[in-house]
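Reader: I should be grateful for a close look at one part of this model, namely how its strands are paired into sheets. Please begin with a single hairpin and then place it in its surroundings.

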Amino acid sequence: MLDGFPYFVNGLGGAGIRTFGAPVAGSQVRYNGDYGALLIEADDAQMRFQFINRSGTLIDNFTLEHAAEPTQTPTPQATVVLQPLADAFVDASAPTTNYGTEALLEIDGSPQKIAYLRFDLSGLTGATLRSAQLRMRVADSNDAQSTSTQEIRLTNGADWDEASIVFDGRPALAKTSLGVFSGDAQGEWISASLSVALQSFFGEWATLTLDSTGSDGLDVSSREGSDPPQLVLAYDHPPAISTPTPTATSTPTVTPTSTHPPEATPANVYLPKVNR
Ligand SMILES: [Ca+2]
Ligand SMILES: [Ca+2]
C-alpha cells in the first residue's frame with residue numbers, strides 16, 4: 001500500500017521462480033511458493049483481487065469497495081390547484097353563439113357540445129408531473145348528470161378566446177384522450193385522473209377539452225358558476241443539488257510494475273493484506 005493506493009506486483013507467470021530481495025516499504029504480503037495468477041472480479045459494488053496458485057489455493061485477496069453513493073437531497077414535492085383562466089362550451093345546434101360567460105359548461109354528443117378550459121401552467125417550468133386530476137362539479141339542475149362518457153383531451157392553450165369562441169371555427173380536438181369522466185351524479189364533484197402527458201405544456205398555457213359521443217349530456221359549473229373546475233397537479237421540483245462526482249480514491253488502481261529487468265525471471269509478489 002503506497003500513498004493510499006494498493007499496488008499488485010505479479011511476476012509468477014514466467015520462467016524460473018526467483019528468491020526475494022528486500023521488501024519494498026509498504027509491502028504487506030509476498031509469495032514465491034508456486035506459479036499462479038491474479039483473478040480480478042468486478043461489479044457495480046466492488047472489485048475483488050485474488051491471487052491463486054497452480055493448485056488452486058487462494059494465497060491472498062483484496063477487495064475495493066465502491067464508494068457509497070452521495071446522499072441526494074430528496075426532491076421536494078408540491079401540489080397545486082388551478083382554476084381555469086378561461087372556459088366556454090360550443091354548441092353545434094347554435095354554431096355561431098358564444099357561451100363564454102355562462103355559469104355552466106355543457107358536454108354532449110347529440111347535439112354536439114364541447115367544453116374548452118384553459119389553464120395557466122407557466123409557473124411549472126422544469127417541474128416533473130406526478131399526477132393530474134380534473135375535478136368538476138355537476139350542476140344541480142335537472143338532468144345535469146350523465147350516463148355517457150366524456151373524453152378529456154389536451155390541446156394548445158392560446159388559440160381561442162373565451163368571449164368569442166363558437167362552434168363554427170372551433171379549435172380542433174386532439175385525437176388522444178388524457179382521461180375520461182363517466183358515471184357522475186347530479187350536484188356531486190366528479191374527478192378524472194389525467195395522463196402525465198399534460199407535462200408537455202408545463203411552462204405555457206394548456207387547453208383541456210371535453211367532448212362526448214353519448215347522448216346524455218353533462219352540465220358542470222364553469223368558472224363563472226358557484227364551483228369552478230379545478231386542475232389538481234402533484235409535481236416534483238427540479239433537483240436542487242446535482243450528484244457530486246466520486247472522489248479519486250474510489251477508483252481502483254492496479255499497477256503491474258516489476259522491479260525486475262524484463263529478461264530476468266520475476267519472482268516477487270507483494271499482495272496487500274487489507275480487507276482479508
Ligand atoms: Ca367562462
Ligand atoms: Ca344529462
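**From one hairpin to the sheets**

Author: Strands β1 and β2 form a hairpin, and three residues lie between them. Strands here are DSSP runs of E with at least two residues, helices are runs of H or I with at least four residues, and both are numbered from the N terminus. Two strands count as paired if DSSP finds at least two bridges between them. This is a predicted model, in which local features need pLDDT of at least 70 and side-chain atom pairs count only at pLDDT 80 or more, while totals for chains, interfaces and linings use all residues. Residues are numbered from 1 along each chain as its sequence is written, and chains are lettered from A and ligands numbered from 1 in the order in which they are written.

In the hairpin, β1 covers residues 36-42 and β2 covers residues 46-53; the two run antiparallel and are joined by seven bridges. Ala42 of β1 stands opposite Met47 in β2. As a general matter, the strands of a sheet pair through backbone hydrogen bonds, either parallel or antiparallel.

The hairpin belongs to an open sheet of three strands, in the order β1-β2-β3, with antiparallel pairing. Its edge strands are β1 and β3 (58-65), each of which pairs on one side only. From one strand to the next, the twist averages 15 degrees; angles run from 0 to 180 degrees between N-to-C directions, and axes are lines fitted to C-alpha atoms, for helices over the stretch in contact. β2 is joined to β3 by seven bridges, again in the antiparallel sense, and the bridge partner of Gln50 in β3 is Asn61.

The loop between β2 and β3 contains Gly56. Gly56 counts as exposed because it has 7 C-beta neighbours inside 10 Å. In this scheme a residue is buried if 20 or more other C-beta atoms lie within 10 Å of its own, exposed if 12 or fewer do, and partly exposed in between, with C-beta atoms placed from the backbone. Gly56 and Ala37 are 19 residues apart in sequence, and their C-alpha atoms are 9.8 Å apart in space.

The wider chain has 14 strands and zero helices. Of the 276 residues in the protein, 29% are buried. Two residues are in contact if their C-beta atoms, placed from the backbone, lie within 7 Å. Among contacts between residues at least 6 apart in sequence, 78% join residues at least 24 apart.

A further open sheet has four strands in the order β4-β14-β8-β11, and its pairing is also antiparallel. β4 and β11 (189-194) stand at its edges with a single partner strand each, so one side of each has no neighbour in the sheet. Here the twist averages 20 degrees from one strand to the next. β14 pairs with β4 (residues 77-82) over six bridges, and Ala78 stands opposite Tyr235 in β14. β14 also pairs with β8 (residues 128-137), over seven bridges; in β14, Gln230 is the bridge partner of Arg135 and Leu231 that of Leu134.

In a regular strand, side chains alternate between the two faces of the sheet. The covered face of β14 (residues 230-236) consists of Leu231, Leu233 and Tyr235, whereas Gln230, Val232, Ala234 and Asp236 make up the uncovered face.

The nonpolar interior can be described in similar terms. A nonpolar core is a set of buried Ala, Val, Leu, Ile, Met, Phe, Trp, Tyr and Cys residues joined through C-beta atoms within 7 Å. The largest has 41 residues, and Phe89, Ala115 and Leu198 have the most contacts inside it. Strand β7 (residues 112-120) gives the most to this core, namely five residues. A second, separate core of six residues includes Phe8, Phe49, Phe51 and Phe62. Beyond its neighbours within four places in sequence, Phe89 is in contact with residues including Tyr99, Leu105, Ile107 and Ala115.

Two loop residues complete the account. Pro111 lies in the loop between β6 (104-109) and β7, and the peptide bond from Ser110 to Pro111 is cis, with omega near -5 degrees. Asp143, in the loop between β8 and β9 (149-156), has a positive phi of about 65 degrees although it is not a glycine. Asp143 counts as exposed because it has 11 C-beta neighbours inside 10 Å.
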